Amino acid sequence: MPKLGSQLYLAIDAGPIHDEAGNLIAVVETLRDLTDQKRAEMALKELATKDGLTGLSNRRAFDQMLMREWGRAQRTQKPLALLFVDVDHFKLFNDRHGHQSGDECLRAVAAAVSRHAVRPLDLASRYGGEEFALILPDMDCDTACAVAEETRCAVMALAIAHGAAGAGEHVTLSVGVASQIPTGADGGPDRLLGAADEALYVAKRLGRNRVICADRVLAEFAALGREAAQVPGPVRRKTA
């Protein structure tokens, strides 16, 4: 309805009327306004897929999207990138500033994360607690790392005061990045999830406030002069 600037959802029932010879002579149409019902359905759908605190997609929507994009990447043989983003020392932040400030912090971080899911198939979600995830289809590891670094810098630019003992002056992020082209042997995205999760774990082990790519975990440790024996093994906290 252009003049009113609104939309109506209508159900149309059409019933034909024939004469004695079977010729169509008229059609009776009944229109029913389903706008309220449709809006209620849309609201319920949004509640089922949105995180109530941040407005990002929730874990359920993340799982569904990951499986869809994994299947598409198998068919197209293009890379699928995954970022796990964790707010550093968030428990200490809550202890120092209170849970209300913690919620405000998570909303601010969520807004910064979501700004980097810019393409139609990109998905930013709250994975749980203070952890977020980005699904980035058709993206290799180097490009995904660049997105991760932009996200990390965007949160640093917010300059959200932290100051708890053992944490820095401002809120920071640790990011684990993985990208994979699915092969026939990969039944699902568990290996991709595990790689991104391990990269995040390493980022936190190496001091937080950094981006670690799963393909370069050993190189990161070598650059710091660590012994190979100190490299943490797979943690496998996440599965599809």
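Which residues form one aromatic cluster with F62? In this predicted model, the residues F62, F84 and Y127 form one aromatic cluster, and the notes below begin with that cluster before turning to a helix, a disulfide and some single residues. The structure also holds one disulfide, which joins C141 to C213.

**The aromatic cluster**

- The count of aromatic pairs comes to three, and in one of them the ring centres of F62 and Y127 lie 5.2 Å apart with their planes at 85 degrees, so this pair is edge-to-face, given that planes over 60 degrees apart are classed in that way.
- This pair links distant parts of the chain, since F62 belongs to helix α2 while Y127 belongs to strand β4 (residues 123-128), and the two residues are 65 residues apart.
- Both partners of this pair, F62 and Y127, are buried.
- The rings of F84 and Y127 also pair, with centres 5.1 Å apart and planes at 75 degrees, so they too are edge-to-face.
- Here again distant parts of the chain are linked, with F84 in strand β3 (residues 80-87) and Y127 in strand β4, at 43 residues apart.
- F84 is buried, as is its partner Y127.

**Helix α2 and the residue that follows it**

- Helix α2 covers residues 59-76, and because a rise of 1.5 Å a residue is expected, its 18 residues should span 26 Å, which agrees with the 25 Å that separates its end C-alpha atoms.
- The buried residues of α2 are A61, F62, M65, L66, E69, W70, G71 and A73, and F62, listed here, is also a member of the aromatic cluster described above.
- At the N-terminal end of α2, N58 acts as a cap, with a side-chain oxygen of N58 lying 3.2 Å from the backbone nitrogen of R60.
- After α2 comes Q77, which has a positive phi, near 55 degrees, and which is placed in the loop between α2 and β3.
- With a relative accessibility of 44%, Q77 counts as partly exposed, because this value falls between the limits of 20% for buried and 50% for exposed.

**A second residue with positive phi**

- Most residues other than glycine have a negative phi.
- H89, a residue other than glycine, has a positive phi, near 50 degrees, and its place is in the loop between β3 and α3 (90-97).
- The relative accessible area of H89 is 23%, and H89 is therefore partly exposed.

**The disulfide and other cysteines**

- In the disulfide that joins C141 to C213, the distance from S to S is 2.2 Å, and the link is right-handed, with 115 degrees about the S-S bond.
- Because C141 lies in helix α5 and C213 in strand β7 (residues 211-213), the disulfide ties together parts that are 72 residues apart in sequence.
- Both cysteines of the link, C141 and C213, are buried.
- C105, by contrast, is in no disulfide, and the nearest cysteine sulfur to it, which belongs to C153, is 17 Å away; C105 has a relative accessible area of 2% and is therefore buried.
- C153 is likewise in no disulfide, and the nearest cysteine sulfur to C153, that of C145, is 13 Å away; at 36% relative accessibility, C153 counts as partly exposed.

**T151 in helix α5**

- T151 is placed in helix α5 (residues 141-158), the helix that also holds C141 of the disulfide.
- The relative accessibility of T151 is 1%, so this residue counts as buried.
- When the neighbours within four places in sequence are left aside, T151 is in contact with V113, H116, L134 and L173.

**E131 in strand β5**

- E131 is found in strand β5 (residues 131-137), and with a relative accessible area of 8% this residue is buried, because buried means under 20%.
- Between the C-alpha atoms of E131 and A195 the separation is 16 Å, while the two residues are 64 residues apart along the chain.

Key. Residues are numbered from 1 along each chain as its sequence is written. This is a predicted model: local features need pLDDT of at least 70, side-chain atom pairs count only at pLDDT 80 or more; totals for chains, interfaces and linings use all residues. Side-chain values use heavy atoms; hydrogens and water are left out. Helices (H or I, at least four residues) and strands (E, at least two) are DSSP runs, numbered from the N terminus. Buried means under 20% relative accessible area, exposed over 50%, partly exposed in between (1.4 Å probe, protein chains only). Contact means heavy atoms within 4.5 Å. The expected span of a helix is 1.5 Å times one less than its number of residues. A polar contact is a pair of N or O atoms within 3.5 Å; within protein, one must be able to donate a hydrogen and the other to accept it, and residues adjacent in sequence count only if both atoms are side-chain atoms. Rings of Phe, Tyr and Trp (its six-membered ring) pair if their centres lie within 6.5 Å; planes under 30 degrees apart count as stacked, over 60 as edge-to-face and the rest as tilted. A disulfide is a pair of cysteine sulfur atoms within 2.5 Å.
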